[in-house]
Amino acid sequence: MDTRLLIQDAAGFATPLLAVFAVDIAVAAGAEPLIALLTTSDAVTHAAGKVLASGEFKGNLGETLLLHAPSGLKAERLLLVGLGKAKTLSIDEVRKAAGTAVRALKPRGLRELAIAFPEDHALSDEHLESLPGGLLARALVEGAELAEVDYDTYKSDRKDLSVQKLSVLAKESEKAVLAEMQAGFHEGLMVAKAQNFARSLVNEPGNVLTPTELGKRAAAMCVEMGLKCEVYSTEKLHELKMGAFWAVSQGSVEPPALIVMTYEPELAAAEGETAPVLGLVGKGITFDTGGISIKPADGMDKMKYDMAGAAAMIGAMRAIADLKPKVKVIGVVCSAENMPDGKAFKPGDVVTAMSGKTIEIMNTDAEGRLVLADGLHYTKTLGCTHLIDAATLTGAVAIALGKLNVGLFSNDETTWERFQWGTKISGEKFWRLPCTDDYKDQIKSQIADIMNTGATRYGGSITAAMFLKEFVGETPWIHLDIAACAWNDEAQPWIAKGPSGIAVRSIVEWVRSYSA
Ligand code: BES
Ligand code: ZN
Ligand code: ZN
């Protein structure tokens, strides 16, 4: 989508469709909606006057209303887009409403739209607290770009419903305000492109996106964006003594891929040895059958998305290459296919991880923590001072938190607080769960150092995090269990069904928080 920010009066702009945001400013509980448009253009407000007075449009998030030939406007159509209640309005509603506007074009076969930049000062302070222009611009572009994508990639009768052009129309303002908006707009574009790239990887079926292919796509991205990239396979795993990672991989005819992407800022050298180096580690199981502890057939097809953590890290590296924070970042992806086979690892096996720890395999379906064990340890040996991992690690996280919040674990308060801060910008939701040492007994093995599942089913996401913690040591670390949030089971007015690209935005913000 060709997306641009214009300083332009909305009423005088010729476009097939002009979208304007609307909020419900009714304050009393249970009161009829009272709709206000987030624009200071009298012509736009006038054009929508009658339909607003009718009460037909409630202004709910995801709701739209289309008017043809709106009087007094150069636009051919006027689309009212609901943001929900003014009282609870946040940047995230703007992101979703922008997406709703873009997706409203698709069934109509329209290819071009304009969005009136939400002017929250159109309302008095008692209705709406002002939202920062830079963040608004950013969220708006993100929502629009994410909404544009559909996942009918492999349909032979695929209809092209792409929206090709978006003009965001903002009013003339002070220079500093405009500069902030321009910067937010640019950032939003970069981050959304990266998130869409991650989503496109997750969308690929397991027969197309093997570990080798994931390595190729990551390498191609790195070449395009000017990042250093190395892709290793079986030999390197043996050389590094990655016994846990190899155990998962050994049952597949597809060789594993250890992908290492490096971003080095131009100024890093001058900052000396105390400068942080961030390690981003992703679980890249391109298909998870469960291995010998095989999964039930029902729903197994979904296990192509067991590389969503890897995709999030590859996507984040893309955005980092674009946004150029002043901090060194190393992205490491551990990719394998988890298959049952004559050569596959088995329950009862004992394997030795790169760190030297021995692991008793209780269940071959708990494979993600095995590849990450070696990935996390290896990333530390590359000099990383802070670690973050993302993984579709456990089904249990969906039981604990549902599909709205990602499960977050951390061994360090400061690192967690930094991450939290970034989620205010990303709009993604995370909920911290414990991984304190009193859970350690749960993964004690009788014959080895640890086992790869908890002693019971209880707290399955926590025991998985406890396992990872064994390989992190004292290094400040965040673990994101994205299993429940990486796939949208249903389409929403603002986003297609399928890969969500969760965590890319928050990981990027976390990285930027370290920018010198
Ligand atoms: N990839 C799965 C987790 C998963 C489940 C991701 C559902 C997305 C949706 C992971 O490898 C797995 O199978 N975990 C097991 C662990 C158990 C054997 C301790 C699980 O959650 O059942
Ligand atoms: Zn599994
Ligand atoms: Zn898995």
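**Entry 1: ligand 1**

I began at ligand 1, where a polar side-chain atom of K283 lies 3.2 Å from one of the ligand's oxygen atoms; I take a polar contact to be a pair of N or O atoms within 3.5 Å, and within protein I also require that one can donate a hydrogen and the other accept it, with residues adjacent in sequence counted only if both atoms are side-chain atoms. I note that this is a predicted model, in which local features need pLDDT of at least 70 and side-chain atom pairs count only at pLDDT 80 or more, while totals for chains, interfaces and linings use all residues. Residues are numbered from 1 along each chain as its sequence is written, chains are lettered from A and ligands numbered from 1 in the order in which they are written, and side-chain values use heavy atoms, with hydrogens and water left out.

I then looked up two further contacts: an N or O atom in the side chain of D306 is 2.8 Å from a nitrogen atom of ligand 1, and a polar side-chain atom of E367 lies 2.8 Å from an oxygen atom of ligand 1. Taken alone, ligand 1 exposes 520 Å², of which the protein buries 76%; these areas come from the Shrake-Rupley method with a 1.4 Å probe, and for residues only the protein chains shown count as cover. I find 16 residues around ligand 1, of which K295, D306, D365, E367 and G395 come nearest, a residue being near when one of its heavy atoms lies within 4 Å of the molecule.

**Entry 2: the zinc ion (ligand 3)**

Which residues coordinate the zinc ion (ligand 3)? I find K283 through NZ, D288 and D306 through OD, and E367 through OE, at 1.9 to 2.4 Å, where donors are N, O and S atoms within 2.8 Å of the metal (3.2 Å for Na, K and Ca) and sites may look incomplete, water not being among the atoms. Along the chain these donors follow the spacing K-x4-D-x17-D-x60-E.

The six donor atoms make angles of 77 to 172°, and the site of ligand 3 is octahedral. For the geometry labels I use these limits: four donors are tetrahedral if all angles lie between 85 and 135 degrees; four are square planar and six octahedral if opposite donors are over 155 degrees apart and all others between 65 and 115; anything else is irregular.

I also checked burial (buried means under 20% relative accessible area, exposed over 50%, partly exposed in between, with a 1.4 Å probe and protein chains only). K283 is buried at 1%, and D288 is buried at 3%.

**Entry 3: the zinc ion (ligand 2)**

Coordination of the zinc ion (ligand 2) comes from D288 (OD), D365 (O), D365 (OD) and E367 (OE), at 2.0 to 2.2 Å, with the donor residues spaced D-x76-D-x1-E in sequence. Here I record an irregular site, the angles among its six donor atoms being 71 to 167°. How far apart are the zinc ion (ligand 2) and the zinc ion (ligand 3)? I read 3.2 Å, with D288 coordinating both. Of the ligand 2 donors, E367 counts as buried at 0% relative accessibility, whereas D365 counts as partly exposed at 22%.

**Entry 4: salt bridges**

My search of the whole structure gives 34 salt bridges, each a side-chain nitrogen of Lys or Arg within 4 Å of a carboxyl oxygen of Asp or Glu. I looked up R138 and E187, whose closest N and O atoms are 3.5 Å apart in a salt bridge. Since R138 lies in helix α4 (residues 133-148) and E187 in helix α5 (residues 175-203), the pair ties together parts that are 49 residues apart in sequence; helices (H or I, at least four residues) and strands (E, at least two) are DSSP runs, numbered from the N terminus. Both R138 and E187 are buried, and both belong to a network of salt bridges that also links D92, R95, K96, E142, R505, E509 and R512.

The side chains of K302 and D489 also meet in a salt bridge, at 3.3 Å from N to O. K302 lies in the loop between β10 (277-288) and α9 (308-323) and D489 in the loop between β19 (487-488) and β20 (498-499), so this pair ties together parts that are 187 residues apart in sequence. I note that K302 is partly exposed at 25% relative accessible area, and that D489 is partly exposed at 33%.

**Entry 5: T39**

Last, I placed T39 in the loop between β3 (35-37) and α1 (42-47), where T39 is buried at a relative accessible area of 8%. A polar atom of the T39 side chain lies 3.0 Å from the backbone nitrogen of S41.
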